[in-house]
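Biologist: Hello! Could you take me through one part of this model at close range, and then show me how the rest of the fold is laid out?

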Amino acid sequence: MTSSPNRPRVRFAPSPTGYLHVGGARTALFNWLFARHEGGTLLLRIEDTDVERNKPELVDGILAGLRWLGIEWDEGPFFQSQRLDLYRQAAESVLASGHAFACYCKGSSYAGGDHAEEAEGDGDDEGPKSAKAAVCPCRDFSDADRAAREKEGIPRAVRFRTPRTGTTSFEDAVFGVREVQNADIEDFVLLRSNGLPTYQLSVVVDDIDMRITHIIRGADHLSNTPKQVLIYRALTAAPPIFAHVPLILGADRTRLSKRHGATSVGSYADEGFLPEAFRNFLALLGWSPGDDSEYLRTHELIERFSLSGVSRTNAIFDRAKLEWFNTQYLQKPPVEELLPYVEAELKRAAIWDGSPASHDAAWFSDAVDLIRPRTRLLTDFSTWARAFFTDDFDYEKEAREKFWKDERLQGMLEKLASVLEALPEWNHDACDAALRSLATAEGVKAGLLINATRVAIVGRAVAPPLFETMVVLGKDRVVSRIRRALPALAHP
RNA sequence: GGCGCUAUGGUGCAACGGUUAGCACGCGGCCCUUUCAAGGCCGAAAUACGGGUUCGAUUCCCGUUAGCGCUACCA
């Protein structure tokens, strides 16, 4: 838990105004990969200073999303709502040093006024259509001006006294050195008139207090970073290294939102995506290892992650590619890694009662291994592959129409059941030989029987190869299922 | 409106002054075949536009355009 002095300390700082969305998840992932790669520390901080939009109950969902993703934090979660004194003290300190001033403008928090318009409406020496950022008129108030307003009981906010001249610069690990004109930065609020800090203040105070060394966050914060650098200076603290990562957009190139369908991490968990597949996909959205590698298991992601590989262009979330990654993780890793996920899925679908005794471990592994080459989502195990785990399944309409057309099938499958039942050995080749010789005797192609039988024993047209399926299902089940299908065969 | 960032096939990334502009997803075709996948092979598909700089620009500079971000007493 305690990190050595020069180990990086990073943080993921979501705001509980919504669920954990893919953009936030990607930011969290980059922070986590960076921390693990560098042997550093990841902290979790909940930025809940907006009392109106903040929904405490959402915090659990965010934590659950991170856990599902396999992102573990080393410290926290810390809640900004429990550290308000710290921010007030900082605001007073900045006020005392002259880097901030008391503002008595009408704030939207209690009146709906617009500060910027008010400042412009004065039409002062700045020129008619000034391109410069708004300068608050309160910044030049005399002691008497302030005293008068205090006496009137006008709520006081604290604004930063942004320099009118000069520039502010900082270094960004992905965007390089940034420099902005101070004249383009408005006199932004540090402490609201209700005593709560704004994001700009609390984020800086906390990052200083928590000794954060690298701030890895969405590029939507790039434009506000100069303000934060100004606060660091006012607080006589050295700014950390910034690393802004490009945003993730929807297919229409606008910011990802509910309109784009599933955007919460939880919905992907529910749909049957594997966390590692999701991580692999997300990691490659805005980051590249530098070569053509695509399938990168998590330990490889950690080994290869570097801020220098982060791109500067916004990326579009491509669900098709996510699905491809999921198939990779469903099919490539050792089957043992998949078993817990399949068990959870079967349990969720009420196909498996969860008792260890209800299915033999070796058999279960074989079944999963046979099914997985055809899966795209974890839920496939409880949908089309259902018949592997329960006798309670039905015959898919399309399958019946496609493979049960021939009216001779009923008689042939009746014979097949008997032949199979009489088999002394139950294995792939024996089943294969039995079925093929029956086909020959009946004068039909083996495919006719194979396809019809597949539908009879698993209810689906799309399923694993027949003889492997027979072996996994076992003789008793295969024979009884064929016989059970006989009546239905007459009425495809 | 102002300020800023970005710009390689439909999508995600490579190429960080010199390549027939590479890989992956997706798409089309072929092979394999016991349905369907997987897999293998092949194919279509890109440097936004205009100026520079340079022997040489995807790459460096400027402009245009477009997209995105910020411009809140949201984060």
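Which residues of helix 15 meet which residues of helix 17?

Modeller: Happy to! This is a predicted model, in which local features need pLDDT of at least 70 and side-chain atom pairs count only at pLDDT 80 or more, while totals for chains, interfaces and linings use all residues. Residues are numbered from 1 along each chain as its sequence is written, with chains lettered from A and ligands numbered from 1 in the order in which they are written.

From helix 15, the residues Leu-409, Met-412, Leu-413 and Leu-416 meet Leu-449, Ala-452, Thr-453 and Ala-456 of helix 17 (contact: C-beta atoms, placed from the backbone, within 7 Å). Helix 15 covers residues 409–421 and helix 17 covers residues 446–458; they pack at about 75°, and 11 Å separates their axes. (Axes are lines fitted to C-alpha atoms, for helices over the stretch in contact, and angles run from 0 to 180 degrees between N-to-C directions.) Helix 15 is therefore roughly perpendicular to helix 17 (65 to 115 degrees; under 35 is roughly parallel, over 145 roughly antiparallel, the rest oblique). Sorted by class, this contact has seven nonpolar residues, one polar residue and no charged ones (nonpolar: Ala, Val, Leu, Ile, Met, Phe, Trp, Tyr, Cys and Pro; charged: Asp, Glu, Lys and Arg; polar: the others, Gly among them). Helices (H or I, at least four residues) and strands (E, at least two) are DSSP runs, numbered from the N terminus.

Now for the sheets. Strands 1, 2 and 3 form an open sheet in the order 1-2-3, with parallel pairing (two strands pair if DSSP finds at least two bridges between them). Its edges are strand 1 and strand 3 (75–79), each with a single partner strand, so one side of each has no neighbour in the sheet. On average, and ignoring direction, neighbouring strands here are turned by 25° against each other. Helix 1 packs on this sheet, where it touches strand 1 and strand 2, and its direction makes about 160° with that of strand 1.

Strand 1 deserves a closer look. Four bridges pair it in the parallel sense with strand 2 (residues 41–46), and Arg-9 has Thr-41 as its bridge partner in strand 2. From strand 1, the chain crosses through helix 1 (residues 22–38) to strand 2, a β-α-β crossover that is right-handed (with the strands pointing away from the viewer, the path from the first strand over the helix to the second runs clockwise). Strand 1, residues 9–12, is covered on both faces: Arg-9 and Arg-11 are buried on one side, and Val-10 and Phe-12 are buried on the other (buried: 20 or more other C-beta atoms within 10 Å of the residue's own; exposed: 12 or fewer; partly exposed: in between; C-beta atoms are placed from the backbone). Over in strand 3, where Pro-77 sits, the peptide bond from Gly-76 to Pro-77 is cis, with omega near 5°.

Another open sheet of three strands follows the order 4-5-8, with antiparallel pairing. Strand 4 (100–103) and strand 8 (189–191) are its edge strands, each pairing on one side only. The average turn between neighbouring strands of this sheet is 40°, direction ignored. Strand 5 (residues 157–160) runs antiparallel to strand 8 and is joined to it by two bridges; Arg-159 has Val-189 as its bridge partner in strand 8. Helix 3 (residues 84–96) lies across strand 4, strand 5 and strand 8, at about 125° to strand 8.

Two loop residues are worth pointing out for their backbone. Arg-211 has a positive phi of about 55° although it is not a glycine; this residue is placed in the loop between helix 6 (199–209) and strand 9 (214–218). Arg-211 is exposed, with 12 other C-beta atoms within 10 Å. Arg-253, also not a glycine, has a positive phi near 70°. The loop holding Arg-253 is between strand 11 (248–249) and helix 8 (265–271), and Arg-253 counts as exposed because it has 8 C-beta neighbours inside 10 Å.

Finally, some distances across the model. Ala-485, in helix 19 (residues 475–489), counts as buried, with 22 C-beta neighbours inside 10 Å. Its C-alpha is 40 Å from that of Gly-261, and 224 residues separate the two in sequence. Lys-151 belongs to helix 5 (residues 143–152) and counts as exposed, with 8 C-beta neighbours inside 10 Å. Between the C-alpha atoms of Lys-151 and Glu-343 there are 69 Å in space, with the two residues 192 apart along the chain.

Notes:
Two residues are in contact if their C-beta atoms, placed from the backbone, lie within 7 Å.
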